[in-house]
Amino acid sequence: MSAYYAVILRRSALLTAPVALLMIVLGAFLGGTKGLLGAGLGVALVIAFFGISVLVVGRAAKVSPQAMMAAAVGTFLVKILVLIILLGIFQNSTAFNGRFFGLTVIVCVLAYSAAQMVSSMRLKMLYVEPDKDR
């Protein structure tokens with residue numbers, strides 16, 4: 001994995017962590033134990049999803065840019081399908097608060113995506129390699 005990609009991922013995770021903590025605290029405060037459990041499961045799902053994406057896209061980046069793009073789109077589709085299946089399975093669950101689960105997932109994904117976008121814009125990277133002969 002390139003150093004550029006690793007820096008963006010690290011910064012995005014660090015900027016998303018306070019948002020995840022806030023969602024867990026809100027879940028506990030507003031929803032009690034079930035809200036805490038729902039928010040905690042939501043954070044765990046987001047961590048698992050983005051961790052898998054980092055591994056798969058990182059491996060594909062070593063092959064080629066085209067493989068990296070295919071891996072990113074493929075993992076995105078798989079994550080969406082798994083999320084739909086999980087929401088369908090746990091739709092009527094009384095073990096945890098499903099609203100805090102869904103809200104936490106959405107907020108953490110949006111925070112991670114926004115942090116990734118901001119980090120990409122701020123990080124200065126050459127996209128044209130200078131000629132070594134000059």
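**S93 and the helices around it**

Me: Starting with S93, what's its relative accessible area, and how does that class it?

Reply: In this predicted model, S93 has a relative accessible area of 28% and is partly exposed, because partly exposed covers the range between under 20% for buried and over 50% for exposed.

Me: Where in the chain is S93 found?

Reply: S93 sits in the loop between α2 and α3, the latter covering residues 98-122.

Me: And which backbone nitrogen lies 3.2 Å from a polar atom of its side chain?

Reply: That is the backbone nitrogen of A95, which is 3.2 Å from a polar side-chain atom of S93. A further polar contact is found at the start of α3, where a side-chain oxygen of N97 comes to within 3.0 Å of the backbone nitrogen of R99.

Me: Zooming out, how many helices and strands are there in the chain?

Reply: The chain has three helices and zero strands, and its elements run α-α-α from the N terminus on.

Me: How much of the chain is buried?

Reply: Of the 134 residues in the chain, 28% are buried. The accessible surface comes to about 9,200 Å², with 72% of that belonging to carbon and sulfur atoms.

Me: What about contacts between residues at least 6 apart in sequence, what share joins residues at least 24 apart?

Reply: That share is 75% for the chain. As a separate example of positions distant in sequence, A17 and C108 are 91 residues apart along the chain, while their C-alpha atoms are separated by 8.6 Å. A17 is found in helix α1, residues 3-63, and at a relative accessible area of 43% A17 is partly exposed, whereas C108 is one of the buried residues of α3.

Me: Staying with α3, what does S119 touch, leaving aside its neighbours within four places in sequence?

Reply: With those neighbours left aside, S119 is in contact with I8, R11, S12 and L15. S119 itself, which is found in helix α3, has a relative accessibility of 4% and therefore counts as buried. Other buried residues of α3 include F100, F101, Y112 and A115.

Me: What are the expected and actual spans of α3?

Reply: At 1.5 Å a residue, the 25 residues of α3 should span 36 Å, which agrees with the 36 Å between its end C-alpha atoms.

Me: Switching to α2, which residues are buried there?

Reply: A71, T75, K79 and L83 are buried in α2. An α-helix has 3.6 residues a turn, so residues three or four places apart point the same way.

Me: A lysine in that list, hm. How buried is K79, and what is K79 in contact with?

Reply: K79 has a relative accessible area of 16% and is buried, since the buried class means under 20%. Leaving aside its neighbours within four places in sequence, K79 is in contact with F49, F50 and S53.

Me: And I80, right after it: buried, partly exposed or exposed?

Reply: I80, which lies in helix α2, residues 65-89, counts as partly exposed at 36% relative accessibility. Together with M69, V73, F76, L77 and I84, I80 makes a nonpolar surface patch of about 580 Å².

Me: Last one, how far apart are the end C-alpha atoms of α2?

Reply: The end C-alpha atoms of α2 are 36 Å apart, in agreement with the 36 Å that its 25 residues should span at 1.5 Å a residue.

Key. Residues numbered from 1 in each chain as written. Predicted model: local features only at pLDDT ≥ 70, side-chain atom pairs only at ≥ 80, totals over all residues. Heavy atoms only, no water. Patch = residues over 30% accessible without salt bridge, like charges linked within 9 Å, V, L, I, M, F, W, Y side chains within 5 Å. Areas by Shrake-Rupley, 256 points an atom, 1.4 Å probe, with all protein chains shown as cover. Salt bridge = Lys/Arg side-chain N within 4 Å of Asp/Glu carboxyl O. Helix = DSSP H or I, 4+ residues; strand = E, 2+ residues; numbered from the N terminus. Buried < 20%, exposed > 50% of the residue type's maximum accessible area, 1.4 Å probe, protein only. Expected span 1.5 Å × (residues − 1). Contact = heavy atoms within 4.5 Å. Polar contact = N/O pair within 3.5 Å; in protein donor to acceptor, adjacent residues only side chain to side chain.
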